[in-house]
Amino acid sequence: MLAPRVAVGMRRGVSSLGSLVRHASGSAPLPCCYRRDVVVPPPGRTSFLPPGRASFFPLTVHARRHASGGGGGNAYSGLYGSVADSSLVHLTEQLLVSTQGATGLPWWASIMCTTLALRTVVTLPLGAYQMVVIGKVEALQSEIAELAKRLRYEVSVRAQERGWQERHCRYQFKKNLRRIVSELYVRDNCHPFKASLLVWVQLPMWICLSLALRNLSMASSPAGSVLQTELTTGGALWFSDLTLPDHTWVLPISLGLINLLIIEMFAAQRLQVSSLQKYMTHFLRGVSVLMVPIAATVPSCMALYWLSSSLVGLGHNLLLRSPRFQSACRIPRLRSSSQTPYRDLAAALRAKYLP
């Protein structure tokens, strides 16, 4: 009785071995169960966890590349393709997948919570540090003005002694004033470039999260199909499918309005505005309006992240205006600081747009 079974088993083994040989030689595609770069759940299951539990299995880097466009190549071409397939973007994908699996939240809530956590942990301290640098630079202006007066007098005395021309006097004054100001910045550790550190951190983080969500929403491999199914049903209200654009335009229009509100908050309380600041304000307004049709063409998960990021940014801007928060973070008082910042902001917006 055992011999026929053994023979059948041997024939099955030979058949399986022969199929592997054929696949290795390129005559037939390799089944998913033999592919080491693709992680798939057991047959008939959509997750490794028992029914009723959220899916929580990490995609390998190679599987994520399949999910972002298929095969071993790039899903895109050029600079965009190299950035979308970079290691930093894939690490961001892994962060999103792991966070959603650990919290068990639906994808729409997981995206919003991840955005809130990252911006609170990373960008809020940088925003407070930016205000500290700006406060120190503003406090130095009176000292710089006094030193400039002394330097102008010394340059005029030296010009009379050596017979300098007006052009050479201006050159010496500007040269020595730059040196003095640089020494003051070093003394107080407040170089103005440090105030732009927030932009150099926030912008790459925004790009990486945006591309990571786009890659996850375009999954096409057997491993990525499970994740894409979760994103398809992971939305809420009118954007139930996070892999499709928001055809109602609610998310894109809300994104544009929030961004415009943030810009107008800064523009309304500026007493003296230079021509460069006017051009920058108009440019940012144009970018905010342009983001509306762009957000209407990308997957809803990206538009939801952009809206969440803008809402968190609006909340952080209001928080940084609070006198109690500034006192807790030891932020120097600015000339534009007020004990009633929210009331003054509302009054400035009413005076500007509701005459």
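The following exchange looks at salt bridges and a nonpolar surface patch in a predicted model.

In this predicted model, local features need pLDDT of at least 70, side-chain atom pairs count only at pLDDT 80 or more, and totals for chains, interfaces and linings use all residues. Residues are numbered from 1 along each chain as its sequence is written, and side-chain values use heavy atoms, with hydrogens and water left out.

Student: How many salt bridges does the structure hold?
Tutor: A salt bridge is counted when a side-chain nitrogen of Lys or Arg lies within 4 Å of a carboxyl oxygen of Asp or Glu. The structure holds salt bridges numbering 7.

Student: Which residue is linked with Glu 143 and Arg 187 in a network of salt bridges?
Tutor: The side chains of Glu 143 and Arg 187 meet in a salt bridge at 3.1 Å, N to O. This pair links distant parts of the chain, helix α6 (residues 141–162) and helix α7 (residues 166–188), where helices are DSSP runs of H or I with at least four residues, numbered from the N terminus. The network of salt bridges that holds both of them also includes Asp 188.

Student: Is Glu 264, which meets Arg 285 in a salt bridge, buried or exposed?
Tutor: Buried means under 20% relative accessible area, exposed over 50%, and partly exposed in between, with a 1.4 Å probe and protein chains only. Arg 285 counts as partly exposed at 22%, whereas Glu 264, with a relative accessible area of 10%, is buried.

Student: Which helix holds Leu 203?
Tutor: Leu 203 is partly exposed, with a relative accessible area of 46%. The helix in which Leu 203 lies is α8.

How values were computed
Helices (H or I, at least four residues) and strands (E, at least two) are DSSP runs, numbered from the N terminus.
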